[in-house]
Amino acid sequence: MFESKSHITVNPQGNLALGGVDLVKLVDRHSTPLYVYDEQRIRQRYREFKEAFEKYYGDVEVFYACKANSNLAILHILRQEEAGVDILSEGELYLTLLAGIRPEKIIFTGNNKTDKELEKALKVGVTINLDSLHELDRLIRITEREKLRAKVSFRVNPEVSPETHPYLSTGLKESKFGIHENVILDGYKKAKEAEFLDIVGIHMHIGSQITKTSPYEVATARLFDIIGRIKNNLGIELEFADLGGGVGIEYKEAQEIITPEDLAKAIVPIINEKIKEYSLKKPELIFEPGRFIVGDAGIMLTRVSTVKSTPYKKFIGCDSGFHVLLRPVIYSAYHEVIVANKPDEKPQEIVDIAGNVCESGDILARDRKLPTIEKGDVLAFLDSGAYGFIMASQYNSRPRPAEVLVSQEGAELIRQVEDFSSLIEKQLIPERLMKE
Ligand code: LLP
């Protein structure tokens, strides 16, 4: 029996439904693979995050990390919710502005920013979150040249293990991200002396898919000790402290997770104590959740094309692969698989779900006990809303899939499936190669 969640249920026809929309009928109307997102769930998760910190702390903003999923329809949903956005590239800046997010609600993080990116961010007026003192020097030069003021914060490397996958750890002392404590005050001092910089905040992001509060507790205490030193040594009061994203979601049933409320309960007392200890002006808190907001709102649907038994294993071959959902292959990530046209059927056998990419590593799910699967069955990969479509590629020369949004309005296409012309878009063939 599939255990229903608030937004994923089994409908009276016995099919899996997302936000009340029958997913089997949906793929009959569209093509597979297909990404589907539940609008209401996105709104609900955003509100859950914001309300938890409003309850325990007060002044809080949620800046959605749009690297998780930057489809314009999703950005518009979050704009309607009055979210801010955390961006890391000019492309994300372009998309968020297009979705009507105001520059004061945008923070530009990201490492190795180019001069061109810094200049663009400066001209648009977003907060620039500096990742190195080198970036600071370059920004100072650009502001002096352009005679424009920049709002800046600094990303601290708090040297904390988030106890997650190594690729998802960003605040370790060896990480490439952030500025280490030994030089961060030099950065603030230099920024204070710079003619065109307004110092507005401080930032950290320790990692992703974090399932314990303890790494946040340690990192938050460190961050606020730095805020205390910035005030005591340099006389700078910060407007905001941005604690990044990273709150994990329940990919696997009964796995350990934390809720925003758990996090608020764990870190707000630490913050309040530090505010008292250093007599700080209460800063606004910013969080940058990505996965928490869109992760479980999305499902990737794929159709079974081949069933193949070898002497060693049974493979269920589908019309998707790591070019569509990369996470299982690069992070050994687990995504629950439900047979959408028979979610309540009893699991019978252990199978691997094989993708159609011509690489032996392209297994989307390993050793899963599932009902007997046949050609034509529809597999739903749950929790694919974050870092799903956005990490898809055209590898093996397959056009990228469509995306659909479900809501009370029914199902609406929010990205058309690519066609073969998308495979040749922007390609040029030198004339001489066209000759016989
Ligand atoms: N803020 C910053 C500065 C970040 O680098 C990230 C994620 C976030 C916020 C949002 O983190 P979240 O709340 O989504 O955990 N592709 C990987 C995840 C990479 C995350 C990169 N940074 C995956 O599929 O798990």
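**What holds the ligand, and where**

Author: In this predicted model, 19 residues surround the ligand, and the closest are Ser208, Glu288, Arg327, Tyr331 and Tyr387.

Reader: What makes Arg327 a polar contact of the ligand?

Author: The cut-off is 3.5 Å between N or O atoms. An N or O atom in the Arg327 side chain is 2.6 Å from a ligand oxygen, so the pair counts as a polar contact.

Reader: And which atoms put Tyr331 and Arg291 on that list?

Author: For Tyr331, an N or O atom of the side chain is 2.8 Å from a nitrogen atom of the ligand. Arg291 uses a backbone N or O atom, 2.8 Å from a ligand oxygen. Both pairs are within 3.5 Å, so both pass. As for cover, the protein takes up 91% of the 580 Å² of accessible area that the ligand has on its own.

Reader: What kind of space does the ligand take, a pocket or a cavity?

Author: A pocket, the second largest one. By class, the shell has six nonpolar, seven polar and six charged residues.

Reader: How do you know that the ligand lies between the domains?

Author: The assignment gives domain 1 (8-38 + 295-423) and domain 2 (109-289). Both give residues to the shell around the ligand, so it lies between them.

Reader: What makes you say the two domains are in contact, and how far apart are their centres?

Author: Contact means heavy atoms within 4.5 Å. Nine residues of domain 1 are in contact with seven of domain 2, while the centres, taken over C-alpha atoms, are 36 Å apart.

Notes. Residues numbered from 1 in each chain as written. Predicted model: local features only at pLDDT ≥ 70, side-chain atom pairs only at ≥ 80, totals over all residues. Heavy atoms only, no water. Near = heavy atom within 4 Å. Polar contact = N/O pair within 3.5 Å; in protein donor to acceptor, adjacent residues only side chain to side chain. Areas by Shrake-Rupley, 256 points an atom, 1.4 Å probe, with all protein chains shown as cover. 1 Å grid on protein atoms, 1.4 Å probe; cavity = no way out; pocket = protein on both sides within 12 Å on 5 of 7 lines; lining within 4 Å. Sits in = over half its atoms within 2 Å of the grid points. Nonpolar A, V, L, I, M, F, W, Y, C, P; charged D, E, K, R; others polar. Domains from an automatic or database assignment.
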